[in-house]
Amino acid sequence: MTTLLTEASPSGATETARPAKKKPRLAGTTAWYVVALFICAVMVVPLLWMITIGLKSRTAVFDIPPKLLPHEWTWSNFVNGPKAIHFPRLFLNSIIITSLSVLGGVMTAMMAGYALARLRFPGRKLWFYLFVGSMLLPGVVGLIPLFQLYKSIGWYDTWLPLIVPAFLGGNPLFIFLARQYFLAIPYSIDEAAKIDGAGHLRIFVSVMLPLTRPAWLTMAILAFQASWNDYLNPLVYLYSSGKWPLSVGMASFVSPFAGKTPDWSYYMATNLLYMLPPLIIFFAAQRYFIQGLGALGSTTQK
Amino acid sequence: MTSSPERIVGTSPVKQRRSGRGGMSRNAGSDVKAAYLFIAPAIIGFLVFVGYPLVRSFYLALTKYNGLTDPVFIGLGNFRRLFTTDPAFWPALKATAYLVVLYVPLSLVLGLALAMFLNQRFAGVRVVRTLAYLPVVLPAVATITLWKFILDPQVGLLNTILDRLGLPTSLWLQSPNTSMPSVVLVMLWGVGGTMIIFLAALQSVPTELYEAARVDGAGSWAVFFRITLPMISPIVLLQVILQTTAALQTFNQPKILTNGGPGFSTNVLMLSIYGNGFPTLGRIPQLGYASAQVWVLFIIIIAVIALTAKFSSLWTYSDNTSD
Amino acid sequence: MKRTMGVAALACAGLLVATACSSGSDSGGSSSGPVTVTVMTWESAETNVAIKKALADFKDDNVKVQLLDTPSGQYGDKLASLTQAKKLPDLFWCGNDTEQQYTSQGLLVDWADKIKNGDGDFKSDNFVPSAMENWKTADGQMGGLPSLMNTYGVWYNADAFTAAGLTLPKAGWTWDEMYADAAKLANKNGVKYGLVADNLTSGDGPFTMSMYSVSAGGAPFTDNVNHPTKAEADDKYQEGVTKLVAAIKNGSVAPPGYDAANVQSLFAAGKVPMTFGGQWLAAGFQTDKPKIKYGFAPFPQVQTPTTLYDSVGICTPQYTKDQDATFKVLQYINTKVWDAVLPASPVAPPAYTPAQTSYFDALTKAQQPTVADTVKADLSAEKTVGVRFTTQWAQQVGDLTTANYQPILSGKKPVSDLPAYIDKINGLIKQGG
């Protein structure tokens, strides 16, 4: 706890440094970088440690006292670890499941957001409240009844339970975000398009989508993370190992049964590869992400 | 569900648009059809994934059901057991409350502090932002497992570092006194999620306001309390609601780090529900009972949110009192 | 509203793509012709490879065997969802408790007749008798067959004992000796606790404690773990608890809440000098090669040698396609597969006694004589106690133990609170019938 609490005080200090930019500039800058370095350390050291575990031999993980650097570098973990869980196949599965659910989740949320923000129809407020209210519903409510529903319509051991909900507006937060973003766009744009004879579909696709890029990119990033990291649903719904995504495959390293030490070195080495895609996507789209999230609190009600 | 997110969300003067009313009322007839077409997937999804489970699980809450044989209606029997005989229920509520009280304020304060810190112009600030958000991007199962290693009292990194620095070490997850704070510590490592939303809010505060305040000679604390905080108050409220809802449903961290132990110290309600619905190897699930617990959790969430929303109207800044 | 349907159809078109994708990756096991018998284990990836290899030698033109992969880390969750979905594989690894509960729900195929009048050597006489007894339900059904026996004892770090000038644990040692040793080994050379005894301090603790009372001539915690009529804590039992509480209090035994997940690695690293554990750790040590000298001793006693009884097995769901084919594979696993798997990884002695030779041979070859001796002693121990209830309401006993028994061990409640805990369990027994 102590490590994290200390972050709070320096940021208060730099808060002061901000208005007083001109005078004690050097001191302020130095202070900022010291704190920044500390934050980076807190966030990154655990990950560096993970890399070193990935490089250690199987039993060296439990050396006491723990050594920060491995004394023999076991690069082969990065080959044998992934091989042990059929990494390429699971990777492909994860890509397919994730891209479909990102597509579905973003598309339906944008559609719903468009209607709720820019079209006038009876029940608009009601549906908005219902959608947003369902954000508060604990996920477990669905776990038991939906499992039985999927089972009875033959979706057990298919990817459908992981993908279809996304195509049906699965994430109410996205609908909320989309609506907020749409509200911020001037209505004169629609009117101009309507005068040109465009229907709602065309306005939505060729006018609104380009304008709302930060919003749907943000949703795409969030949806990607959620689907890529989802573990419980694929575990419960997928029976054949050929259909598993990576998240479930990763769990097969940690086996408490039959006298095997969980193979932490393989686990951590494979983990690095597993983490790469969400990392790359976040790095690439960071700017839009922050911009898109801004919509959460910055637009007006209408 | 009574809370109104519309009311939560105030207005930032920059993006405020009031011009659109006329556009909306035109062609109202065709709008209705188009609108329902656009929200149809979401409505179907709502009915199937929210409505149906809600009704079904309410029925199950009134039954004895193991998923293998047909449910048997027992009225309020599950709730009676929950509130009177179950030795795990009250500790679970207590653990959940402890977690929320510990996590939510810390997450908000740290998140906001971090956001303000990173909302400054310094070379390399984007790198720091990215690193601060990094833990949120990474797969939860992997990072939590990693933390379990770090917190291990004997071979863990944290105790090793503390020991080398000559600081007192701790049992962390393995003592009933420190287990919940340790779980919260791991959750706070992901404070980047809270930070990034605050950061987005801070960036939409118009700089003219700060300049005006500066001209008036306001100190930095005054700027913070008179300008920054009021301007971002809608998002603060949204964050309170999101974080509280999430904290009440915390599952991954205690499941992986402690599995509820030692004793009941980290056995939060979600963990207890999961344990009854999907029990350990070789035990028969108690789905009816788990559903009753789900409903208790649901009601708690609604109550907390309703209270927050009600209380918030006192302090949330909103400049569009019209409409 | 008609056009609403249009959108729904559109959304479904998107879903069809998804269906195509998912069915495309189907490995497609069920062709007409030979019956496919599916097998699911909770073993590690390496052991599964060995099992797969051994299963490949199963020759029958009408039967194909397929080993399913599963992340063993979450076997319980997996099994629960498969059970709900009625998709259990034809043969799946299961515990005695799963077998008892599932059989009582009518979920499993009853093998009782088949094994009683089995052809050749594959019949009940050739199984460890206590295992056969425990796998029978109250009405004589057997929803599966025991496959491997789990025996338990105390793993000790011989180097640490020698360094501290203590005699090594061996058959016949007493509980008092064990606690005294633990006290001398604790808090030395990076060691914290002298003894880690998860079996005594976890949710199964009250059952393990029966070893003390039974060995002293007293009564066990419960008369029968499968169909109990009562729970009790007599004087001897309370004496055992009192001694454990004292040992936890003075820091020589790890308290409840100690995370035993990495205990075998810590033991191998020399940081836990004594730990309760199953014989299966031997297999892990064989691959991990600890740098310490270690041994495996039977549990301590008061008067009579007493140990824990536990076995795992293989179950078959009621809806298996072809019972005869499944039984053939089951027989093959129990009689032949172990011979191929155990030499590389001596996990446990088979319940089918003719197959035990390969297990003990492997231990001898791996120079683990103490393990072989202790396992043999355990299998023939005079008295055994069950490790946990196998009843439907076992989950609730777990909660009661966390709420009432563990605080007694950690000294937060007095030992005199034991009867109240016992009363609550007796209440459950009465209720559960």
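**Close-up views of chains A, B and C in a predicted model**

**View 1. Residues 264-285 of chain A.** Over residues 264-285 of chain A, helix accounts for 100% of the chain and strand for 0%. The C-alpha atoms at the two ends of this segment are 32 Å apart. In an unreviewed UniProt entry, residues 264-285 of chain A are listed under "transmembrane region".

**View 2. Residues 31-51 of chain A.** The unreviewed UniProt entry also lists residues 31-51 of chain A as "transmembrane region". Here the chain is 100% helix and 0% strand, with end C-alpha atoms 30 Å apart. Other segments that the entry gives for chain A include 90-114 and 126-147.

**View 3. The largest nonpolar core and B:Ile39.** This core comprises 305 residues, and A:Ala112, A:Ala178, A:Met219 and B:Ile39 are those with the most contacts inside it. Helix α5 (residues 89-118) of chain B gives the most to the core, contributing 16 residues. Leaving aside residues up to four places away in sequence, B:Ile39 touches A:Met111, A:Ala112, A:Ala115, A:Leu116 and A:Trp127.

**View 4. The two domains of chain C.** The domain assignment divides chain C into domain 1 (35-149 + 310-375) and domain 2 (152-307 + 383-432). Taken over C-alpha atoms, the centres of domain 1 and domain 2 of chain C are separated by 28 Å. Their contact takes 19 residues from domain 1 of chain C and 18 residues from domain 2 of chain C. On the side of domain 1 that touches domain 2, the elements giving two or more residues are α4 (96-104), α6 (129-135) and α17 (369-379) of chain C. The residues of that side of domain 1 of chain C comprise eight nonpolar, nine polar and two charged.

Terms used. Residues are numbered from 1 along each chain as its sequence is written. Chains are lettered from A and ligands numbered from 1 in the order in which they are written. This is a predicted model: local features need pLDDT of at least 70, side-chain atom pairs count only at pLDDT 80 or more; totals for chains, interfaces and linings use all residues. UniProt positions are given in the numbering used here, feature names are shortened, and annotations may be inferred rather than shown by experiment. Helices (H or I, at least four residues) and strands (E, at least two) are DSSP runs, numbered from the N terminus. Domain bounds come from an automatic or database domain assignment. Two residues are in contact if their C-beta atoms, placed from the backbone, lie within 7 Å. Ala, Val, Leu, Ile, Met, Phe, Trp, Tyr, Cys and Pro count as nonpolar, Asp, Glu, Lys and Arg as charged, and the others, Gly among them, as polar. A nonpolar core is a set of buried Ala, Val, Leu, Ile, Met, Phe, Trp, Tyr and Cys residues joined through C-beta atoms within 7 Å. A residue is buried if 20 or more other C-beta atoms lie within 10 Å of its own, exposed if 12 or fewer, and partly exposed in between; C-beta atoms are placed from the backbone.
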